[in-house]
Amino acid sequence: MQRLVLQYASENGIQKTKPKNKKCGVSRTANACSKAAQEAMIMVSGFLACKLAVGSDEEKNKAAFEIRLLAKASIFNRSCLAQSGTIPHLLTLLSSVDSNIQENAIGAPYNLSKYSKTKAIIVENKGLKLILEVLKNGLKIESRNLAAAILFYLSSVEECRMLIGKMSEVFSALPELIKGGADCSKKNALVAIFGLLVSPENHWRVISAGAIPLLVEILKNSEREEIVTNSLAVLATLAAKPVGTLAILRRGAVDIVVEIFGSSTSNAAKECCVPLLLALCINGGVPLIGMLVMKTSLMGPLYTLLSEGTAQSSCAVAQA
């Protein structure tokens, strides 16, 4: 920020003053830590918005990069940058044929989208279609990953979630990202899918897109606990519907889930296995319950989780 302020001062003939020896922590609220910091951030936000609007391609790229960094730092920064009008210009840059510009242009609104009011601005400026285009055809895999992550934050708002749900291409693009192979791609696609599943009408869309076979494959082969846990969480949500349970059972996932539950060292993974198994029992009926009863390896971990797990997992174990 200091460098940006000095650049602004130089371009506008403002005399520099010596900084005082005062330290100020990064703000975690929507308020600046001082009046001076507030005014500086407002000035910088306007300066960057201007560079995005009328600067050269190089200046636009640098401005998008600076916004990306500043928006990551604090809630107050995000609010200033959003209110200064940067978002419409950033969305325009998503169509850039320069891969670096596109990456910074998607990375900046990703960090800005953590601020509640930003989500409405993105939607109002027709940003969903532009983000979807990056998700499908981003020039870098990093850009596609960031597009998926933005969808997760946007899906926290019901109106946004409904609008995204109506974009059928989202549900084919996210599984494609899972197929990409990189753990980061899988993680971002999984959290985006999980966010969309808050709306029940999106369940069949995710299933129809072929997500379940991919999720089961992750359970079989992934060594990353976080990725496995996210996959279990998505499967547990999908299993809540009979059509989801049927699709999961057809992939032979029960034995895999039981094995993970008994062998995983991750409490989070174990706590995702329980609601998944419970949903499968509810919708799978007596034959599945009888099969699980025969698996004696289940009882020990279930009792352990009942006594040592979270309240939510203990409740699910009791129901199971």
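Mentor: Let's start with the cut-offs: buried means under 20% relative accessible area, exposed means over 50%, and partly exposed is anything in between. Keep in mind that we're looking at a predicted model.

Trainee: Okay, why does glutamate 159 count as exposed?

Mentor: Its relative accessibility is 57%. Exposed starts at over 50%, so glutamate 159 earns the label. You'll find glutamate 159 in helix α10, residues 158–165.

Trainee: What makes Glu124, Glu158, Glu159 and Glu201 a patch?

Mentor: Charge and place. Patch members need over 30% relative accessible area and no salt bridge, and like charges are joined within 9 Å. Glutamate 159, at 57%, clears the area cut-off. Asp and Glu count as negative, so these four glutamates gather in a patch of negative charge on the surface.

Trainee: And what makes the patch of Met299, Tyr303 and Leu306 a nonpolar one?

Mentor: The residue types. Met, Tyr and Leu are all on the nonpolar list, and such side chains are joined within 5 Å. Together the three make a surface patch of about 310 Å². Take methionine 299, in helix α20: its relative accessible area is 41%. That is over the 30% a patch asks for but within the partly exposed range, so methionine 299 is called partly exposed.

Trainee: How do you know that lysine 136 and glutamate 169 form a salt bridge?

Mentor: The closest N and O atoms are 2.6 Å apart. The rule asks for a Lys or Arg side-chain nitrogen within 4 Å of an Asp or Glu carboxyl oxygen, so the pair qualifies. The two partners come from distant parts of the chain: lysine 136 is in helix α8 (residues 127–137) and glutamate 169 in helix α11, 33 residues apart.

Trainee: Are the partners buried or exposed, or something in between?

Mentor: Lysine 136 has 26% relative accessibility and glutamate 169 has 38%. Both values fall between the 20% and 50% limits, so both residues are partly exposed.

Trainee: What else is glutamate 169 in contact with, leaving aside its neighbours within four places in sequence?

Mentor: Leu132, alongside Lys136. Contact means heavy atoms within 4.5 Å. Don't mix that up with the C-alpha distance: glutamate 169 and leucine 132 are 7.8 Å apart by C-alpha, and 37 residues apart in sequence.

Trainee: How many salt bridges does the structure hold?

Mentor: Eleven. Another one joins lysine 51 and glutamate 59, with the closest N and O atoms 3.6 Å apart. That distance is still within 4 Å, so the pair counts. Lysine 51 is at 14%, under the 20% limit, so lysine 51 is buried. Glutamate 59, at 33%, is partly exposed.

Trainee: Why do you say that aspartate 255 and lysine 295 tie parts of the chain together?

Mentor: Their side chains meet in a salt bridge, 2.9 Å from N to O. Aspartate 255 sits in helix α17 and lysine 295 in the loop between α19 (286–293) and α20 (299–308), so the bridge ties together parts 40 residues apart in sequence. At 45% for aspartate 255 and 24% for lysine 295, both are partly exposed. There's a network too, linking Asp183, Lys187, Arg224 and Glu226 through salt bridges.

Trainee: How do you know that arginine 144 has no salt bridge?

Mentor: Look at the nearest side chain of opposite charge: glutamate 176, 6.0 Å away. A bridge needs 4 Å or less, so this pair misses out. Arginine 144 is buried all the same. It is found in helix α9, residues 141–154. Its contacts beyond four places in sequence include Val134, Leu135, Glu176 and Leu177.

Trainee: Which residues of helix α14 are buried?

Mentor: In α14, residues 211–221, these are Ala211, Ile212, Leu214, Leu215, Val216, Ile218 and Leu219. They pack against α11, α12, α13, α15, α16 and α17.

Trainee: What share of the protein chain is buried?

Mentor: 47% of the 320 residues. The chain has 21 helices and zero strands. Of its contacts with a separation of 6 or more, 71% join residues 24 or more positions apart. It exposes about 16200 Å², and carbon and sulfur atoms supply 55% of that.

Terms used:
Residues are numbered from 1 along each chain as its sequence is written. This is a predicted model: local features need pLDDT of at least 70, side-chain atom pairs count only at pLDDT 80 or more; totals for chains, interfaces and linings use all residues. Side-chain values use heavy atoms; hydrogens and water are left out. Accessible areas come from the Shrake-Rupley method with a 1.4 Å probe; for residues, only the protein chains shown count as cover. The place of a charge is taken as NZ of Lys, CZ of Arg, CG of Asp or CD of Glu. Helices (H or I, at least four residues) and strands (E, at least two) are DSSP runs, numbered from the N terminus. Buried means under 20% relative accessible area, exposed over 50%, partly exposed in between (1.4 Å probe, protein chains only).
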